[in-house]
Amino acid sequence: METFAPYLPMLLATAVLLPLVSFCVILVAGPQLGSRGRGASYVATTAIVGSLVLSIFATGIWFGMHPTSAPHNAEDAAATEHAEETHSPPPVLTGHGYTIATLAGTEVSINYYIDSLTILMFGLVTFIATCIHFYSTGYIHDELHGVVDHEAIRRDGESVRRPGRYARFFQALSLFCFSMLGLVISGNFLMTFVFWELVGLCSWFLIGFYVERNSASTAANKAFIVNRVGDFGMLVGMMTLWASLGTFNFGDIDRGSDDQGIFSLMRSEQDHYALVVPEGLVQLAAAEKVKELALSSEASLSAAQLQAKVNEKIPQWRDGKAEGDATRYGHILLMIAGLGIFCGCVGKSAQFPLHVWLPDAMEGPTPVSALVHSATMVAAGVFLVARSYPIFLPEVLLVIACIGCMTLLIGASIAIVATDIKRVLAYSTVSQLGYMMLALGVGGWAAGVMHLVTHACFKSLLFLCSGSVIHAVHTNEMPQMGGLRHKMPWTAYTMLIGCLAIAGVGIPSALGISFGLSGYYSKDAILEQIYSFRVLNPVWGNVFFGIAVGGAVLTAFYMFRMWYLTFAGEPRSQKKYDHVQESPRVMVVPLVLLAVLAVAVAWPVYDWIGFPTLARTIEQARPAGIWSDMSGQAWHVVLPEESKGHAANVKGPVGLIAFAAALGGIMLASVFYLWRTLDVADVRKTFVPVYGFLFGKWYFDEIYNIVFVRGTLLIAAMVAWFDRQVIDRFVDGLAWMAVAIARCGDSWIDRRGVDGLVNWFADRTYELGSRLRGVQTGHLRQYVMLIVASTVTLFLILSLWTYSFAR
């Protein structure tokens, strides 16, 4: 594999560009590609399959160069100490692609950053996208001809008739895949942000695919606008890093050069990869101190001399040990930078309070929901938190954990009362994203990333299964379904696998063998890390652990509630049931492939046959410096290093708690919806306020509508009133005054002044002319006599004039 190592960046770059080529081809010649644009699906699917093949080949090259090692397990203190001593920076391949601009001596360029997390995400995104492309050729086939959209009603009451958009769908899908793959391989924050915005733009296209429906266009706009709120915070974080560090790059482009990346500046080898506020941030925060230092010098200092003095003072300013000043300069700026980056992730990964866009995004076609809500858009936020982990202070991570915990609770609680099958999965996605953020926030980097991968597998499966159901029943409402497993066995049992996986079903290690579906490994790892966090932080830890366990119960409950309402029992709409049939093979095969992945992707047995396991792959990408406890300086919080959560005294009881939570949720759903021992209606009547609160989605939309939408409209109305009543009246008054002055000027100056003078002069001229006209008699003798008299008069005048001058 060493022979192919130099070609690894080129292979991944080609994998990124293939979907872009597909987008361009379909954009230019989409309708002409086969009958009614059918060839567009072939072009798009071929491109993403090509990206998958290249990703698999790149995976082989990478692990041939960097074999995975066994993960550390802190069974005792000695193991923990050994783990810290032997831990080394993860293998990383960085490189420069193209320089966009040079600002103040610093390059802004297109770079790449490749590690095992990059390789893992490439394989994940391309595999799931490939399944979705094949699935879409069957699901979206109605778009090959004219469509009558019964959910889009014109003003005259008729359904909207429109041409099919088969080619346009695959065009947007290709651009979406290009954007996500570009984001994964990005080597700096600026490049990440560009692809970040492209992902948001593509989601706007796809969510609003049925643009004639008001609900779809509104949902697309909502997703776009809400994400811009988070992106503003991300820009603040990026600018803070740029202004202080002078670079956007994640890693060092050339190892050993002075131009270091952000990760190296934050966690240097000299500091044993511990997080230290970089000198640039300290100097920016202590700008007044630098000015005082320059003014206090008796002699004028050159720039180099001043910088040398500043460098001497920076350690004191950073640690708050300057004389008479205990301020830790740079610490707040680093918190702002971290929280700013996380703000972008809050929007993209639908975290509280910006989670409201994701459920409405279900208005898009179901393959879009599977792609957006499994391995692409919502995964991007979690991926960026994992990628940016080296720059996060413990205080920032605590904020991330709190946001994740709140999101987990909100999503799970709403999902238990939702009746739309896709919205159940949407709120489930919100909840599971909260789990990932909670894990990352309490120091469980590997646990959070593992849940990102496993969730992508079973959630894409669940969405595609729901699409198969909707495709057959032509409704999203579960109360109109029931008994569908008899007519759709492939869909029913692959969806059952997805439900078992997301519930975290498995055999805990305390029962003698630790084995289960993919969600079992990732969810147990999250709970183990939270339990370990709880030991060091009892107050926060108890809250986090209680909500996480409760969320596990609710997850199992609402997933099996969904499955029972859809596939179990008797049909609740015989008319719809009679027309149901299993989806075509092109839609079923992707379900089977994703079901296999949902079962086995996290199994720890692959190292027996020489393949890297998921846990070891993630372990290889673990950022340097997080193999020891991290303590906050501004707030009292201690993040335990992750191997402590794998100790037997933690793993055993937590495994039993997780097993009981999953089993309890499944049994509770079975009591209500399978065996019907308890009546749901009775419970609903008993807890009317609670049910109304949850069915109203915690009233976030109503609150945001009152505070932001109506508030904005109220402010706009007040500004409009001020514009009309004050500004317009003032301007109108000025105009009236100008007209009045103009009229006065016209009457007195122009008409009576200028015109009067001209008219008087004309009158006098006319009068003179009239008088002189009497002299014009027409008699020749009179004219001769006048000439003689005039000549004599002129002669006398000249003579007298000459005589006077002579004297």
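In the predicted model, a salt bridge joins the side chains of Glu 528 and Lys 651, with an N to O distance of 3.4 Å. The two residues belong to distant parts of the chain, 123 residues apart: Glu 528 sits in helix α20 (residues 518-536) and Lys 651 in helix α25 (residues 648-674). Glu 528 has a relative accessibility of 2% and counts as buried, whereas Lys 651, at 28%, counts as partly exposed.

This pair is one of 21 salt bridges found in a search of the whole structure. Another is formed by the side chains of Asp 325 and Lys 289, again at 3.4 Å from N to O. Asp 325 lies in the loop between α11 (303-319) and α12 (331-348) and Lys 289 in helix α10 (residues 287-296), so the salt bridge ties together parts of the chain that are 36 residues apart in sequence. Both partners, Asp 325 and Lys 289, are buried. A further salt bridge connects the side chains of Asp 607 and Arg 616, with 3.2 Å between N and O. Asp 607 is partly exposed, its relative accessible area being 28%. Some salt bridges share partners, and in this way Lys 222, Asp 360, Arg 423, Lys 697 and Asp 701 are joined into one network.

Side chains of opposite charge can pair when their charged atoms come close. Arg 267 has no salt bridge although the residue is buried. Which side chain of opposite charge is nearest to Arg 267? That side chain belongs to Asp 271 and is 9.7 Å away; a salt bridge requires a nitrogen-to-oxygen distance within 4 Å, so Asp 271 does not provide one for Arg 267. The side chain of Arg 267 instead reaches a backbone atom, the oxygen of Pro 390, at 3.0 Å. Arg 267 is placed in the loop between α8 (262-266) and α9 (279-285). Leaving aside residues up to four places away in sequence, the contacts of Arg 267 are Tyr 273, Ala 274, Leu 275, Tyr 389, Pro 390, Ala 624, Gly 625, Ile 626 and Met 630. Pro 390 thus appears both in this contact list and as the residue whose backbone oxygen is reached by the arginine side chain.

Cysteine pairing was also examined. A disulfide is a covalent bond between the sulfur atoms of two cysteines. The structure holds 0 disulfides. Cys 131 takes part in none, and the cysteine sulfur nearest to that of Cys 131 is the one in Cys 457, 9.5 Å away. Why is the sulfur of Cys 457 not bonded to that of Cys 131? The sulfur of Cys 131 is the closest cysteine sulfur to that of Cys 457, but the separation of 9.5 Å is too far for a bond; the cut-off for a disulfide is 2.5 Å. Both cysteines are buried: the relative accessible area is 4% for Cys 131 and 0% for Cys 457.

Burial was next considered for helical residues. Helix α15 (residues 377-387) is mostly covered, with 11 of its 11 residues buried. Among them are Met 377, Val 378, Phe 383 and Leu 384, as well as Arg 387. Met 377 and Val 378 are also contacts of Val 372, which touches Phe 176 as well, not counting residues up to four places away in sequence. Val 372 lies in helix α14 (residues 366-372) and is buried, with a relative accessible area of 1%. From Val 372 to Leu 12 there are 360 residues in sequence and 22 Å in space, taken from C-alpha to C-alpha.

Ser 179 provides a buried polar example. This residue is found in helix α5 (residues 166-185) and counts as buried at 0% relative accessibility. A polar atom of the Ser 179 side chain lies 2.8 Å from the backbone oxygen of Leu 175. With residues up to four places away in sequence left out, Ser 179 touches Phe 195, Leu 198, Val 199 and Cys 202.

At the level of domains, the domain assignment of the protein gives domain 1 (702-776) and domain 2 (777-806). The centres of domain 1 and domain 2, taken over C-alpha atoms, are separated by 59 Å.

Key:
Residues are numbered from 1 along each chain as its sequence is written. This is a predicted model: local features need pLDDT of at least 70, side-chain atom pairs count only at pLDDT 80 or more; totals for chains, interfaces and linings use all residues. Side-chain values use heavy atoms; hydrogens and water are left out. Buried means under 20% relative accessible area, exposed over 50%, partly exposed in between (1.4 Å probe, protein chains only). Domain bounds come from an automatic or database domain assignment. Helices (H or I, at least four residues) and strands (E, at least two) are DSSP runs, numbered from the N terminus. A polar contact is a pair of N or O atoms within 3.5 Å; within protein, one must be able to donate a hydrogen and the other to accept it, and residues adjacent in sequence count only if both atoms are side-chain atoms. Contact means heavy atoms within 4.5 Å. Lys and Arg count as positive and Asp and Glu as negative; His and the chain ends are not counted.
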